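Please open the structure in the viewer and keep the selection panel at hand. The tour proceeds from one selection to the next.

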Amino acid sequence: MEHNGIGDEGAAALAQVLRTNATMQSLVLVGNGIGHQGAAALGEMLEVNDTLQCLDLWMNAVRELGATALAEALTRNTVLRTLNLRCNRIGDVGAAALAKGLAGRNRSLHHLELSMNEVGNSGATALAQLLGGNTALKNLGLWDNEIGRSGALALAKGLGSQACTLERLDLQGNNIGADGAAALAAALASNTSLRVLSMSENDIGDDGANAFASALLKNTTLWHLGLEENMIGPRGAAGLASGLKSPACALERLDLTGNKVDAQGAGALCGSLQSNTRLRVLNLGRNGIGNGGAEALAEMLTANTGLRALEALLTALQDRSAAAMLKSVIIVRNSISGELKRALENLISQHQHSLALQQQKRRRRLL
């Protein structure tokens, strides 16, 4: 029922029906102009409904009053597993209300999505306190909010709690900075539950990257670390390379898209992958690694020949000329798997076709 303009009145009508419905498990009401009154009606429904497991209210107008009403319902509801309130402008008040609602007896909600909601320091602090007391919540989405350094420090404290069971945390685009990143990284050194952490677009720089590198020396559970668009240069890449060499490191996906790693940083990362066999995906797109970085990737593949390295090379190939691409393939042609050879050859063919089309367009302009 996405984008149907049902508003508060329609939401209230649905809520009335669902009070006694014993079969529906998911209700998706994305972009329907539902305000706090509609949210309150849905909240009252949740207090008595014992079958609905997913409520998706993305891109409505729930705001803080609606979030507060839903939070009250969560103190009594025992079956809802997913609540999506992305882009509802619930702010700090709404986030704090939801944290309070989940801090009591609720042990059913596993996924709380609060991205794009103007949540700041106080809202993040309330949610951080929840992490130390609620053992059901596994996935918390907070991207594109206003958490900042102070909010990150509070969340780090929650992640560092021995009671924390959170598995996925998305903090993309929150202006967290290097200090906030360092606090979160320090928490990872002792955290044993988090599997996925997205820190893209937070301006953490080399210092933040090195803080996460230190965490990788001790953390044995994190398998996906997203550090896209963070102004990370060769120094930060070298630090991460050191972390990847740690026997404790369990990381399988490292995303460094859109940084400033360049050839030097790519070389350091590739050096670590000559011995690391756990990392499956390394994304170095838009990092200016050039021919030198491409050659380092090719050399790495002579030691790490499995498909774990496939995306690393394929992504990097898009950053250099056709000539360097061919040179890289020639270097590793006798030591890579047949599947990887075919993938490389297909990519070269596609790239050459693209170059030919570009040349044709240039000729037409000249004519």
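Begin by selecting helix H8, residues 205-216, in this predicted model. Of its 12 residues, 9 are buried, so H8 is largely enclosed by the rest of the structure. Display the side chains of Phe 212 and Leu 216, which are among the buried residues of the helix. The buried set also includes Gly 205, Asp 206 and Gly 208, together with Ala 209, Ala 211, Ala 213 and Ala 215. From its first C-alpha to its last, H8 reaches 17 Å, close to the 16 Å expected at 1.5 Å a residue.

Next, add the elements around H8. Its buried residues pack against two helices, H7 (177-188) and H9 (234-244), and against two strands, S7 (196-198) and S8 (224-226).

Now extend the selection to the sheet. Its 10 strands form an open sheet with parallel pairing, in the order S1-S2-S3-S4-S5-S6-S7-S8-S9-S10. At the edges are strand S1 (26-28) and strand S10 (281-283), each of which pairs on one side only. From one strand to the next, the twist averages 0°.

For a view of one pairing, select residues 54-56 (S2) and 82-84 (S3): these strands run parallel and are joined by 3 bridges. Leu 55 has Leu 83 of S3 as its bridge partner.

Finally, select the whole protein chain, which comprises 14 helices and 10 strands. Of its 367 residues, 50% count as buried. Among contacts between residues at least 6 apart in sequence, 87% join residues at least 24 apart. With a surface display, the accessible area comes to about 15800 Å², and carbon and sulfur atoms account for 49% of it.

Terms used. Residues numbered from 1 in each chain as written. Predicted model: local features only at pLDDT ≥ 70, side-chain atom pairs only at ≥ 80, totals over all residues. Heavy atoms only, no water. Helix = DSSP H or I, 4+ residues; strand = E, 2+ residues; numbered from the N terminus. Expected span 1.5 Å × (residues − 1). Buried < 20%, exposed > 50% of the residue type's maximum accessible area, 1.4 Å probe, protein only. Contact = heavy atoms within 4.5 Å. Pairing = 2+ DSSP bridges. Axes fitted to C-alpha atoms, helices over the stretch in contact; angles between N-to-C directions. Areas by Shrake-Rupley, 256 points an atom, 1.4 Å probe, with all protein chains shown as cover.
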